[in-house]
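Okay, thanks for squeezing me in. Let me get the structure up on the screen and then I'll talk you through it.

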Amino acid sequence: ARRTRQAATDVRVLWMGDSIAGTQAPALEAALKAGGAAFKDASSSGGGNIVAGDHPVTGKVAADTWKTLKENLSSFRPTVIAYQLTSYDWGTARQQLTAYRKLARTAKDADARLVLVSAPPIKIDDFFKPHEKELKQAPAMAAKAAEEAGGTDVSYLDAAALWGGDHAADKAQRAKDGIHSCQQGSAAFATWFTKRLGELTDFSPAAPATWATGPWSGDERFVKLGCG
């Protein structure tokens, strides 16, 4: 058991995504640190995407994301880059695939494992409606990029196994806005993700009882969402 714990301390997870990933980050950090892993939250509210697409806003944000990633690779030196597909991964299937392939190459060059994980189902409001098709096709492109890489150092995780496909279902555990998660949903994701990470790496997940009721649950992100 001691050897396993020692191996776990070598796991360093860089967490990327948008504000949805941001609300999952406090629980994920608590869960990973309880298991002896290092964690850095590189998620970004209102962006975090790596797919530039043809939209001026997503193009600028993607450029910022890639720049920040380069800095984090140098300073944090992750062994795992985990990217949750964002609600801003707008673009054609080809543009999405190209971006996910680039991330796979970037991870390989940094000697890091890449874990692509699909986003939870969200409420498609007026803002997201024009991009609904793009958001729905993104997971298939991420899965394709992982498949092309041979599945050794690049993995795709389908979060529908946890959330289902309906944002309004109890299983999806969305906050009142239908997009983000409250503490319970974030804890559920952290439990699920660390278990899957343990299957891919030397990481041994800590029992949820050791971290799930920690101070992370008081994070201001939950307060702003009106979570209890």
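I'll go through some strands, one threonine, one helix and a few salt bridges. Keep in mind that this is a predicted model.

Let's start with strand E1, residues 12-16. Four of its five residues are buried. On one side, E1 runs parallel to strand E2, residues 38-41, with four bridges joining the two. If you want a place to click, Arg12 has Ala38 in E2 as its bridge partner. To get from E1 to E2, the chain goes through helix H2, residues 19-34, and that β-α-β crossover is right-handed. E1 also pairs with E3, again parallel and again through four bridges. There, Met16 is partnered with Tyr83 of E3.

Met16 takes us to the threonine, because Thr65 touches Met16, along with Gly48, Asn49 and Ile50, once you leave out residues up to four places away in sequence. Thr65 sits in helix H3. So is it buried or exposed? Its relative accessible area is 10%, which is under the 20% cut-off, so Thr65 counts as buried. Its side chain does have a polar partner, though: a polar atom there is 2.9 Å from the backbone oxygen of Asn49.

Now helix H4, residues 93-109. A quick sanity check on its geometry: with 17 residues at 1.5 Å a residue, H4 should span 24 Å, and the C-alpha atoms at its ends are 24 Å apart, so the two agree. Its buried residues include Leu97, Tyr100 and Leu103. What do the buried residues of H4 pack against? That would be helices H3 and H5 plus strands E3, E4 and E5. After H4 comes Asp111, with a positive phi, near 55°.

Last topic, salt bridges. The count is ten. In helix H2, Lys33 and Glu29 meet at 2.9 Å, N to O, and they are four residues apart, about one turn of the helix. Both are partly exposed, Lys33 at 46% relative accessible area and Glu29 at 29%.

In H3, Glu71 pairs with Lys67, with 3.3 Å between the closest N and O atoms. Those two are also four residues apart, so about one helical turn separates them. Lys67 counts as exposed at 54%, while Glu71 is partly exposed at 42%.

Over in helix H5, Glu132 and Lys136 are again four residues apart, and their closest N and O atoms are 3.3 Å apart. Finally, Asp41, Asp219 and Arg221 are joined into one network by salt bridges that share partners.

Definitions and conventions. Residues are numbered from 1 along each chain as its sequence is written. This is a predicted model: local features need pLDDT of at least 70, side-chain atom pairs count only at pLDDT 80 or more; totals for chains, interfaces and linings use all residues. Side-chain values use heavy atoms; hydrogens and water are left out. The expected span of a helix is 1.5 Å times one less than its number of residues. Buried means under 20% relative accessible area, exposed over 50%, partly exposed in between (1.4 Å probe, protein chains only). Contact means heavy atoms within 4.5 Å. A polar contact is a pair of N or O atoms within 3.5 Å; within protein, one must be able to donate a hydrogen and the other to accept it, and residues adjacent in sequence count only if both atoms are side-chain atoms. Two strands pair if DSSP finds at least two bridges between them. A crossover is right-handed if, with the strands pointing away from the viewer, the path from the first strand over the helix to the second runs clockwise. A salt bridge is a side-chain nitrogen of Lys or Arg within 4 Å of a carboxyl oxygen of Asp or Glu.
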